[in-house]
Amino acid sequence: MADQGIGTRCVQGGYTPGNGEPRQIPIVQSTTFKYASSADMGKLFDLEASGYFYTRLQNPTNDYVAAKIAQLEGGTAAMLTSSGQAASFYSVFNIASCGDHIVSSSTIYGGTYNLFAVTMKRMGIEFTFVSPDCSDEELEAAFRPNTKAVFGETIANPALTVLDIERFAKAAHAHGVPLIIDNTFATPVLCRPFEWGADIVTHSTTKYMDGHGSGVGGCIVDSGRFDWTAYADKFPGLCTPDESYHGVTYTERFGLAGAFITKATAQLMRDFGSIQSPQNAFLLNLGLESLHVRMKRHSENGLAVARFLKQHPQVSWVTYAGLEGDKYHALAQKYLPDGACGVVSFGVRGGRAAAEAFMGRLKIAAIETHVADARTCCLHPASATHRQMNDDELRAAGVSPDLVRYSCGLEDAADLIADLNQALA
Ligand SMILES: *Cc1c(COP(=O)(O)O)cnc(C)c1O
């Protein structure tokens, strides 16, 4: 499968039915699984045998879909979570605990920023936020002896900055820590961060992967390439016995290919239970089957709309990495050669009030917190997703008060442009 094209992997990956088995991924709508003997079940609990026992930790439907996403990203193991937030939390908390430190790009999703800067801070994990455009020296200065990971987004929501993944991976590796990339907006169709040195990838599958606004979900994929054992003192949770699992050492038992995801399943899913429902995993798979076709159309619409807005006198600025002359165009050419997704940010002349009035006049684009969907939608982040931030934090997150995030769906670009044109007039 790894040598097949991204489209073939979208359609065929993860699930190969045998003779007489269902063609479509079965929805295993069962909380529990039956065993003949207590001894059989005990082996599962000791992680000596693989199998299912309780859907709070694992379910076959989820595993088929996670396997497809692992193939799309070129990873060795993956798990589905109940939301993108759960994926971001697990990806960090799996390797960092109280007293540890993380370096993160400052232009990340507002929910992730709050998770890191407020909630995980309360758990004793410190975050240093650096601009994705920071100098090598500034990036270097952000690291501490207790740093456990670097975090960033391929295409940031909603700032639309493009991260120089290779540069951030090199800095992370020089300090013996992994680079975690939230690849939600790019999807593996447009960018595969492992090819540029990232070690762990997360997704809000709620966005393009599902693509139809039907199910909230998340995913974590491991490249299997980060050598935890080379920095065993930094990652005791992976490299020393887990007493809550009868002394299993994840890197020894499951190797680099499986240690991270097995630990996140065995410990974090067991204790927090943020698993995706099998129903949602089934819907997610329907979205994945057309992801390669949809991302192409989203990106074409994004570029057409960005070009239209760029020349419109009522628009003060446009950010779209696929647009010629954009600050991130060179990085987009390197990391996103097949398209820069459907999300465009821009400012309406007249600031916050003009932005809100303009949005009220749009007929096709609906005002939603949602983004990256088949139906065009738009949002004013300063009064919605980012409203907990003060002006300085907004600026650091790349969100100005007049910013409108416009998410091009799969409609005809000409109709989207006509709608924008009448609302701007
Ligand atoms: C939406 C989003 C999240 C959070 O995902 P949910 O599924 O809403 O929990 C995380 N990262 C990015 C980039 C997002 O767009």
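**Entry 1: contacts along the chain**

I looked up how far apart in sequence the contacting residues lie. Among contacts between residues at least 6 apart in sequence, 73% join residues at least 24 apart. I note here that the model is a predicted one.

**Entry 2: overall form**

I then turned to the chain as a whole. Its secondary structure comes to 16 helices and 12 strands. Along the principal axes, the C-alpha atoms fill a box of roughly 70 × 55 × 35 Å. For 425 residues, a compact globule would have a radius of gyration near 22 Å, and the chain agrees with this, having 22 Å.

I also looked up burial and surface. Of the 425 residues, 55% count as buried. The accessible surface comes to about 16,500 Å², and carbon and sulfur atoms account for 52% of that surface.

**Entry 3: the loop between strand 4 and helix 7**

I examined the backbone of this loop. Most residues other than glycine have a negative phi, and most peptide bonds are trans. Which two residues does a cis peptide bond join? I found asparagine 157 and proline 158, with an omega of about 5°. Proline 158 lies in the loop between strand 4, residues 147-153, and helix 7, residues 165-174.

Leucine 160 is found in the loop between strand 4 and helix 7 as well. Leucine 160 is not a glycine, yet its phi is positive, at about 65°. I recorded leucine 160 as buried, because its relative accessible area is 2% and the cut-off for burial is under 20%.

**Entry 4: cysteine 341**

I looked up another positive phi in a residue other than glycine, and noted a value near 70° for cysteine 341. Cysteine 341 sits in the loop between helix 13 (329-335) and strand 9 (343-348). Is cysteine 341 buried or exposed? I entered it as buried, at 0% relative accessibility.

**Entry 5: aspartate 182**

I next examined a charged residue, aspartate 182, whose place is in strand 5, residues 179-182. Aspartate 182 is buried and has no salt bridge. How far away is the nearest side chain of opposite charge? I found lysine 207 at 7.4 Å; a salt bridge requires the nitrogen and oxygen to be within 4 Å.

What does join the side chain of aspartate 182 to that of threonine 184? I recorded a polar contact of 2.5 Å. Leaving aside residues up to four places away in sequence, aspartate 182 touches Phe151, Gly152, Glu153, Thr154, Thr202 and His203.

**Entry 6: salt bridges**

I counted 11 salt bridges and looked up several of them.

One of them is between the side chains of glutamate 300 and lysine 296, at 3.1 Å from N to O. The two residues are four apart in helix 12 (residues 291-310), so about one helical turn separates them. Glutamate 300 counts as partly exposed, at 43% relative accessibility, whereas lysine 296 is exposed, with a relative accessible area of 52%.

Another salt bridge is formed by glutamate 324 and arginine 307, with the closest N and O atoms 2.4 Å apart. This pair links distant parts of the chain: glutamate 324 is in the loop between strand 8 (315-319) and helix 13, arginine 307 is in helix 12, and 17 residues separate them. I noted both partners as partly exposed, glutamate 324 with a relative accessible area of 43% and arginine 307 at 42% relative accessibility.

I also looked up arginine 375, which forms a salt bridge with aspartate 373, the closest N and O atoms being 3.1 Å apart. Arginine 375 is partly exposed, with a relative accessible area of 46%. Aspartate 373, by contrast, is buried, at 2%. I further noted one network, in which salt bridges that share partners join Asp136, Asp164 and Arg167.

**Entry 7: leucine 139**

I closed with leucine 139, which has its place in helix 6, residues 136-142. Leucine 139 counts as buried, at 2% relative accessibility. Which residues does leucine 139 touch, not counting residues up to four places away in sequence? I listed Val103, Val130, Cys134, Arg167, Phe168 and Ala171.

Lastly, I looked up the separation of leucine 139 from leucine 80, which is 59 residues away along the chain. Their C-alpha atoms are 31 Å apart.

Methods
Residues numbered from 1 in each chain as written. Predicted model: local features only at pLDDT ≥ 70, side-chain atom pairs only at ≥ 80, totals over all residues. Heavy atoms only, no water. Buried < 20%, exposed > 50% of the residue type's maximum accessible area, 1.4 Å probe, protein only. Lys, Arg positive; Asp, Glu negative; His and termini not counted. Polar contact = N/O pair within 3.5 Å; in protein donor to acceptor, adjacent residues only side chain to side chain. Contact = heavy atoms within 4.5 Å. Rg over C-alpha atoms; globule rule 2.2 N^0.38 Å. Areas by Shrake-Rupley, 256 points an atom, 1.4 Å probe, with all protein chains shown as cover.
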